[in-house]
Amino acid sequence: MRIIVGISGASGVVLGYYLVSALKQHEDVEVHLIVTEGAQKTWELECDVPLIELVAMADVYHSDKNLAASISSGSFTTDGMIVIPCSMKTLAAITAGYAANLLVRAVDVCLKEDRKVVLVPREMPFGKLHLRNLKEAAELGCSIVPPMLTFYNGPQTMEDQINHVIGKVLRQFGLEHSRFVSWKGVEVA
């Protein structure tokens, strides 16, 4: 399996780190990584882990400026793409087909080739324009998986919450996450 991971400049870039870590637990998954310029700046503000550690986990790292990268063409086969976090700027570019950087171009390629695209939008509250763009992205074929809090599985830490989101994202590709706690059900008399 070959999956593209795009990290845009929204708050929550650490979600991308957790996702790539989880994908690397699957030996049969090849990870292609794009970190936008905005994400690099957000990374410096939000993360204690050096960005080089994230890049080193990927099988292939692509500059967001390289519109001639392998993943910019539909002839390079992938199983799809995850944008985590997905900024509202990136979302707007996706819905408009404005491929100003490699991340948006790679999404455009996945959509035109009918490949899976998962967006993890980071904004709160969503404005009407954001909601319109999310609806448009869904209509274009994107799965929208916002990083919502979980309560039913007894989370104790922020990491538990993050692992819940990562588990939900991976399931979009038929992959399991060892740290995901699913609903077990309740016996009702």
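How are H4 and H6 oriented to each other? The two helices are oblique to each other. Their packing angle is about 45°, and their axes lie 9 Å apart. The model is a predicted one. It has an open sheet of 6 strands with parallel pairing. Helix H4 meets residues of H6 and also residues of H5.

**H4 against H6**
- H4 covers residues 88-96, and H6 covers residues 128-140.
- The angle of about 45° falls outside the ranges for roughly parallel (under 35 degrees) and roughly perpendicular (65 to 115), so it counts as oblique.
- H4 passes H6 in a left-handed crossing.
- On the H4 side, the contact is made by Met88, Leu91, Ala92, Ile94 and Thr95.
- On the H6 side, these residues meet His130, Asn133, Leu134, Glu136, Ala137 and Leu140.
- By class, the contact of H4 with H6 has 7 nonpolar, 3 polar and 1 charged residues.

**H4 against H5**
- H5 spans residues 102-112.
- The axes of H4 and H5 come within 10 Å and cross at roughly 40°.
- That angle makes H4 oblique to H5.
- The crossing of H4 past H5 is right-handed.
- Thr90, Ala93 and Ile94 form the H4 side of this contact.
- Their counterparts in H5 are Leu103, Val104, Val107 and Leu111.
- By class, the contact of H4 with H5 has 6 nonpolar, 1 polar and no charged residues.
- Ile94 of H4 is listed in the contact with H5 and in the contact with H6.

**The sheet**
- The strand order is E3-E2-E1-E4-E5-E6.
- The edge strands are E3 (60-62) and E6 (142-144), and each pairs on one side only.
- From one strand to the next, the twist averages 20°.
- E2 (residues 30-35) pairs with E3 in the parallel sense over 3 bridges.
- Ile34 has His62 in E3 as its bridge partner.

**H5 on the sheet**
- H5 lies across E1 (2-7), E2, E3, E4 (80-86), E5 (116-121) and E6.
- H5 runs at about 140° to E4.
- The edge strands E3 and E6 are among the strands that H5 lies across.

How values were computed: Residues numbered from 1 in each chain as written. Predicted model: local features only at pLDDT ≥ 70, side-chain atom pairs only at ≥ 80, totals over all residues. Heavy atoms only, no water. Axes fitted to C-alpha atoms, helices over the stretch in contact; angles between N-to-C directions. Helix = DSSP H or I, 4+ residues; strand = E, 2+ residues; numbered from the N terminus. Parallel < 35°, antiparallel > 145°, perpendicular 65-115°, else oblique. Left-handed = near helix turned anticlockwise from the far one by under 90°. Contact = heavy atoms within 4.5 Å. Nonpolar A, V, L, I, M, F, W, Y, C, P; charged D, E, K, R; others polar. Pairing = 2+ DSSP bridges.
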